[in-house]
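This report describes the fold of a single structure, moving from its helices and sheet to its core and a few individual residues. The sequence and the coordinates are shown first.

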Amino acid sequence: QKKELKIAVNQGWYYDKLGSRINQISENLQIGEPEAIFIAGGARCISTAGSHWLSLANQIFLTNPDWIFSEAKNDLINPRSSNLSYYEGIFSFTYPNFKRLSISLTNRSSISGRTEIYWRDAVGSLSSNEINIHVRNEFPVKNQITRYGPAEKLIHKEFLGSIKESFVNLYNVFQNQNQNQFNVDLKNHLNVNKAIIYALISAEKGKRIKFNEKIKNEFYTKKFKIS
């Protein structure tokens with residue numbers, strides 16, 4: 001901020017405004033607000049892939065998580081270096097109004113996994129920047145929510161952009177944004193990293209942590225070796 005440096009983070013979904021686009025799709029389809037994001041897969045790592053998922057959840061829910069809890073294990077299988085960490089486990093991020101992001105990863109599988117967004121009566125699958133949204137056949141469901149059923153009726157399919165387009169969007173900010181917006185963006189990226197580090201601390205402490213919670217000095221100097 002003192003030097004007025006313009007720093008952009010290589011986080012494509014952020015500059016694609018993917019979260020706000022999904023919220024706009026929700027509004028257009030009149031399916032309500034997204035209530036939860038569930039992600040499951042093989043060896044992806046909460047740091048390597050998790051930053052993208054957390055950034056997306058923050059965009060969709062329009063805030064940082066309130067509470068963070070995890071059970072995690074580190075394996076030294078990071079393809080960037082054998083000295084770097086690669087974390088698997090269960091990671092839970094609770095947002096206001098009990099909206100949530102849940103990530104479940106295992107380093108014992110090479111399967112890329114799936115990303116699903118849940119609405120009250122609809123579910124969307126996000127894969128390779130394409131979203132498919134299905135609703136209950138009797139949508140909208142007016143009875144009690146515990147009268148569960150499958151969402152089989154496809155109501156929306158959309159390609160949300162390519163990697164090339166993501167890079168164009170990233171580089172365009174250097175021409176189109178002012179310094180204040182760069183500062184806001186950088187803070188948002190740092191908050192994503194902060195939530196990931198809190199998740200790793202939660203695993204070590206064995207209890208959930210409140211976002212912005214004061215932590216012991218030992219964790220300020222600990223090197224988690226994430227990449």
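## Helix α5 and its surroundings

Helix α5 comprises 27 residues and spans 38 Å from its first C-alpha to its last, close to the 39 Å expected at 1.5 Å a residue. The model is a predicted one. The N-terminal end of α5 is capped by N178, a side-chain oxygen of which lies 3.2 Å from the backbone nitrogen of N180. Just after the helix, G206 adopts a positive phi of about 70°.

## The sheet

The strands form an open sheet of 9 members with mixed pairing, in the order β8-β7-β6-β5-β1-β4-β3-β2-β9. Its edges are β8 (151–159) and β9 (209–210), each of which pairs on one side only. Strands of a sheet pair through backbone hydrogen bonds, in either a parallel or an antiparallel manner.

Three of the antiparallel pairs are set out below, each with one pair of residues that stand opposite each other.

| Strand pair | Bridges | Opposed residues |
|---|---|---|
| β2 and β9 | 2 bridges | I68 and I209 |
| β5 and β6 | 3 bridges | I117 and G124 |
| β6 and β7 | 6 bridges | S125 and N132 |

Strands β5 and β6 form a hairpin with 3 residues between them. A hairpin is also formed by β6 and β7, with 2 residues between the strands; in this turn S128 has a positive phi of about 50°.

Two helices may be placed against these strands. Helix α2 lies across β5 (114–118), β6, β7 and β8, and runs at about 130° to β8. Helix α5 packs on the sheet through contacts with β2, β3 and β9, its direction making about 70° with that of β2.

## The nonpolar cores

The largest nonpolar core contains 45 residues, of which I22, I37, L54, F93, L101, I103 and I131 touch the most other members. At least two residues of this core are supplied by each of α2 (18–29), β1 (36–41), α3 (50–61), β3 (87–94), β4 (100–105), β6 (122–127), β7 (130–136) and α5 (179–205). The largest share, 7 residues, comes from α5. Another core, of 5 residues, lies apart from this one and includes Y14, Y15, L170 and F182.

Two of the highly connected members show how the main core is assembled. Beyond its neighbours within four places in sequence, L54 is in contact with F93, Y95, L101, V192, A195 and I196. Residue I103 is located in strand β4. Because its relative accessibility is 0%, I103 counts as buried. With residues up to four places away in sequence set aside, I103 touches I39, I46, W53, G89, I90, F91 and F93. Residue A203 is 100 residues from I103 in sequence, and their C-alpha atoms are 14 Å apart in space.

## Two buried residues outside the helices and strands

Residue Q11 belongs to the segment before α1 (12–15). Is Q11 buried or exposed? Its relative accessibility is 4%, and Q11 therefore counts as buried, the cut-off being under 20%. The side chain of Q11 takes part in two polar interactions: it reaches the backbone nitrogen of W13 at 3.1 Å, and it makes a polar contact of 3.1 Å with the side chain of H52. Neighbours within four places in sequence aside, Q11 is in contact with S51, H52, S55, L170 and H189. One of these, L170, is a member of the 5-residue core.

Residue P34 occupies the loop between α2 and β1. With a relative accessible area of 4%, P34 is likewise buried. Which residues surround P34 when its neighbours within four places in sequence are left aside? The residues in contact with P34 are N23, S26, I60, F61, K99, I117, Y118 and W119. For W119, which is 85 residues from P34 along the chain, the separation of the two C-alpha atoms is 4.7 Å. Another contact of P34 is I117, the residue that stands opposite G124 in β6.

Conventions
Residues are numbered from 1 along each chain as its sequence is written. This is a predicted model: local features need pLDDT of at least 70, side-chain atom pairs count only at pLDDT 80 or more; totals for chains, interfaces and linings use all residues. Side-chain values use heavy atoms; hydrogens and water are left out. A nonpolar core is a set of buried Ala, Val, Leu, Ile, Met, Phe, Trp, Tyr and Cys residues joined through side-chain atoms within 4.5 Å. Buried means under 20% relative accessible area, exposed over 50%, partly exposed in between (1.4 Å probe, protein chains only). Helices (H or I, at least four residues) and strands (E, at least two) are DSSP runs, numbered from the N terminus. Contact means heavy atoms within 4.5 Å. Two strands pair if DSSP finds at least two bridges between them. Axes are lines fitted to C-alpha atoms, for helices over the stretch in contact, and angles run from 0 to 180 degrees between N-to-C directions. The expected span of a helix is 1.5 Å times one less than its number of residues. A polar contact is a pair of N or O atoms within 3.5 Å; within protein, one must be able to donate a hydrogen and the other to accept it, and residues adjacent in sequence count only if both atoms are side-chain atoms.
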